[in-house]
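Please open the model in your viewer and keep the selection tool at hand. The tour below proceeds from one selection to the next.

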Amino acid sequence: MNSLPKDQHSFHLQKVTDDDDASQFIFVHQTANQKRLMERYGNEICLLDATYKTSQYALPLFFVAVPTNTRYQVIASFILSSETTECISRALSILSSWNPTWKPANWMTDCCQAEITSVETVFPGKCTLLDAGWYCIFHQQLVKISHTQE
């Protein structure tokens, strides 16, 4: 793990040792500003959003976001070699170790069992997974924001 001074970025790159596939890895990234936003807004609700075949790259990119007083903000991101419960859980565990006071009461995820199981594993009995219908509202707001910025 590499953690830089508070005003810098924190990142973690880990090669996952697995008998089946030695090419698995986890890359987790969080800036000092994202950490500050996590501390301020991250204990009420967090959103775990993954790119699903939306880019030319085969690696899943995940964002952890929170609603702030003005809009949704990404508070961490991670890239995985595979979208498995084990890899997602490891990435969330790394974020949790960097932010020991981070204990979200609620989570929203895609309708993906690996994501749901990971959240339940890393934050056992400490959070509620919200109905996926709410998650669609989050995506609608992101689309509105991106169109207004163009």
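Begin with helix 2 and helix 3, which are oblique to each other, a class that takes in angles that are not under 35 degrees (roughly parallel), over 145 (roughly antiparallel) or 65 to 115 (roughly perpendicular). The model is a predicted one, in which local features need pLDDT of at least 70 and side-chain atom pairs count only at pLDDT 80 or more, whereas totals for chains, interfaces and linings use all residues. Residues are numbered from 1 along each chain as its sequence is written, and side-chain values use heavy atoms, with hydrogens and water left out.

**The helix 2 and helix 3 pair**

Select helix 2 (residues 85-98) and helix 3 (residues 113-122). Helices (H or I, at least four residues) and strands (E, at least two) are DSSP runs, numbered from the N terminus. The axes of this pair come within 8 Å and cross at roughly 45°; axes are lines fitted to C-alpha atoms, for helices over the stretch in contact, with angles from 0 to 180 degrees between N-to-C directions. The crossing of helix 2 and helix 3 is right-handed, meaning that the near helix is turned clockwise from the far one by less than a right angle.

Next, display the side chains between them. From helix 2, T85, I88, S89, L92 and S93 meet residues of helix 3, among them A114, E115, S118, V119 and V122; contact means heavy atoms within 4.5 Å. In helix 3, A114, E115, S118, V119 and V122 are buried (under 20% relative accessible area; exposed is over 50% and partly exposed in between, with a 1.4 Å probe and protein chains only). Viewed down the axis of helix 3, these buried residues fall within an arc of 130°, so they line one face of the helix; the arc is that of the directions from the helix axis to the C-beta atoms.

**The salt bridge in helix 2**

Remain on helix 2 and select R90 and E86, whose side chains meet in a salt bridge (2.8 Å, N to O). The term requires a side-chain nitrogen of Lys or Arg within 4 Å of a carboxyl oxygen of Asp or Glu, and the structure holds 1 such bridge. R90 and E86 are 4 residues apart in helix 2, which separates them by about one helical turn. R90 is partly exposed at 28% relative accessible area, and E86 is likewise partly exposed, at 39%.

**Helix 1 and its cover**

Move to helix 1 (residues 32-41), where the buried residues are Q34, L37, M38 and Y41. Down the axis of helix 1, its buried residues fall within an arc of 105°, so they line one face of the helix. To see what covers them, add strand 3 (25-30), strand 4 (45-50), strand 5 (61-67) and strand 6 (72-80), which are included in that cover.

Within helix 1, select Q34, buried at 13% relative accessibility. Leaving out residues up to four places away in sequence, Q34 touches H29, V74, I75 and A76. Then select Y41, buried at 18%; beyond its neighbours within four places in sequence, Y41 is in contact with V66, P67, T68 and N69. A distance label between the C-alpha atoms of Y41 and A65, 24 residues apart along the chain, should read 9.6 Å.

**The whole chain**

Finally, return to the full view, colouring by secondary structure. The chain comprises 4 helices and 8 strands, in the order β-β-β-α-β-β-β-α-β-α-β-α from the N terminus. Of its 150 residues, 38% count as buried. Among contacts between residues at least 6 apart in sequence, 53% join residues at least 24 apart.
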